[in-house]
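Biologist: Can you walk me through the strands and helices of this one? I have the file open and would like to start with the sheet.

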Amino acid sequence: MDFTPSEEQTAAQGLAARIFGDLSTHERLTAAGTGTDAELWKELCAAGLPAAVEDVGLLGLVLVLEEQGRTTAQVPLAATCVYGLLAVAAHGTPEQRERLLPGLRDGTAVATGAFPARGGVHIAEDGALYGSVPWVPWLRDATHVLVADAERGLWIVGTGEPDVTAVPVETTAPWSAGRLVLDGVRGERLGNGQPGAYADVLATARTAFAGLQAGVCAGSLARAVHHTVTREQFGRPLSTNQGVLLRAADAHMDTEAIRVTAYEAAWRHDERRACAAQALTAAWWASEAGKRVVHAGQHLHGGTGADLDHPVHRHFLWGRQLDAYLGCGGEVLEELGLLLAHSSQEGAS
């Protein structure tokens, strides 16, 4: 396997790094509060980054999301690309692709997903959708929601429909989240209801958000390194203390583990190879190692890390949000165990 980015993927990552680095500053994030940075979202769409995802693939998206995570930029890029662009492109009908993709590419439409399926949404006998999902990331910005029903069918629901309600919900990470309530809305089935669509979208989402977590951890660690190198105690930098060095080294290895497992899952997805186990592996590392890294980043700042207004605290909040999104470590590990056991039984038979 070769994770070396293509020329197009490298260009997309470089462009994302420049835009996020220029616009996603601490001052702008503070001013945005818990909302989306609308100007930054317009800049990303004008640069063609969401549209480029169809060309650079899931690995390219992971590289771009790493750059977003480094700066904790408050834009619905991951959700729109995973639950909108990639889901519709892979599983939508030709008519759905022609109708929905242009708006998702240029940013005039924003997508998110009511994932994973936990039995909160049901289909009535007349085909209408009823139920609720406790929280959906970027719901307050979304024009479309990809809803997974109790039977793991996928439905495209417009947030402007009269039978759809989005109740604002504040989470640890400022993702403009909301509680989705469906009261008899007529959803549009994604594609022709082909089997495997739900599993593919969920694996894609877990891989993409693992890439985002890798960036969040890298950003947290970079801030911790800068702090410990420049902060002196007893006449020497904090970074010369063995305990600090070991803690930072462990955080670095954890970050690399998140990154490489996300790369492998994304690469296998783009190569049309089986990637369910790899996506779960990436999600497990993003959860278990991710929370270790953001805790370390905050602890290595000492008393400064306890300041809620310090930039490193934002990485901590994002890391803890991503730790549990789409399944915490224990949940995805159980899924992985069941998947491997099932594969072993099939191989034996």
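**Strands and helices**

Modeller: Leucine 129 stands opposite valine 185 in S7. Keep in mind that this is a predicted model.

Biologist: Which strands does that pairing belong to, and how many bridges join S3 to S7?

Modeller: S3 and strand S7, residues 178-185, run antiparallel and are joined by six bridges.

Biologist: What is the strand order in the open sheet?

Modeller: The order is S2-S3-S7-S6, four strands with antiparallel pairing. Strand S2 (121-123) and strand S6 (164-168) are at the edges with a single partner strand each, so one side of each has no neighbour in the sheet. From one strand to the next the twist averages 15°.

Biologist: OK, edges. Over how many bridges do S2 and S3 pair?

Modeller: Three bridges, in the antiparallel sense, with S3 covering residues 129-136. Valine 121 has glycine 131 in S3 as its bridge partner.

Biologist: And at the other edge, how many bridges are there between S6 and S7?

Modeller: S6 pairs with S7 over five bridges, again in the antiparallel sense. Within that part of the sheet, alanine 166 is opposite leucine 180 in S7.

Biologist: Switching to S1. Which way do the residues of S1 point, and are they buried or exposed?

Modeller: Strand S1 is residues 111-114. Ala111 and Gly113 point one way, while Thr112 and Ala114 point the other way, and all are buried. In general, side chains of a regular strand alternate between the two faces of the sheet.

Biologist: What is the sense of the pairing between S1 and S4, parallel or antiparallel?

Modeller: S1 pairs with strand S4 (residues 144-148) in the parallel sense, over four bridges. Alanine 111 has histidine 144 in S4 as its bridge partner.

Biologist: Now helices. At what angle do H4 and H6 cross?

Modeller: Roughly 120°, and their axes come within 6 Å. H4 is residues 49-71 and H6 is residues 94-106.

Biologist: Why call them oblique?

Modeller: Angles of 65 to 115 degrees count as roughly perpendicular and those over 145 as roughly antiparallel, and the crossing falls in neither range, so H4 and H6 are oblique to each other.

Biologist: Which residues make the contact?

Modeller: From H4 they are Pro50, Ala51 and Glu54, and from H6 they are Leu101, Leu104 and Arg105.

Biologist: How many of those are nonpolar, polar or charged?

Modeller: The contact of H4 with H6 has four nonpolar and two charged residues, and no polar ones.

Technical notes. Residues numbered from 1 in each chain as written. Predicted model: local features only at pLDDT ≥ 70, side-chain atom pairs only at ≥ 80, totals over all residues. Heavy atoms only, no water. Pairing = 2+ DSSP bridges. Helix = DSSP H or I, 4+ residues; strand = E, 2+ residues; numbered from the N terminus. Axes fitted to C-alpha atoms, helices over the stretch in contact; angles between N-to-C directions. Buried < 20%, exposed > 50% of the residue type's maximum accessible area, 1.4 Å probe, protein only. Parallel < 35°, antiparallel > 145°, perpendicular 65-115°, else oblique. Contact = heavy atoms within 4.5 Å. Nonpolar A, V, L, I, M, F, W, Y, C, P; charged D, E, K, R; others polar.
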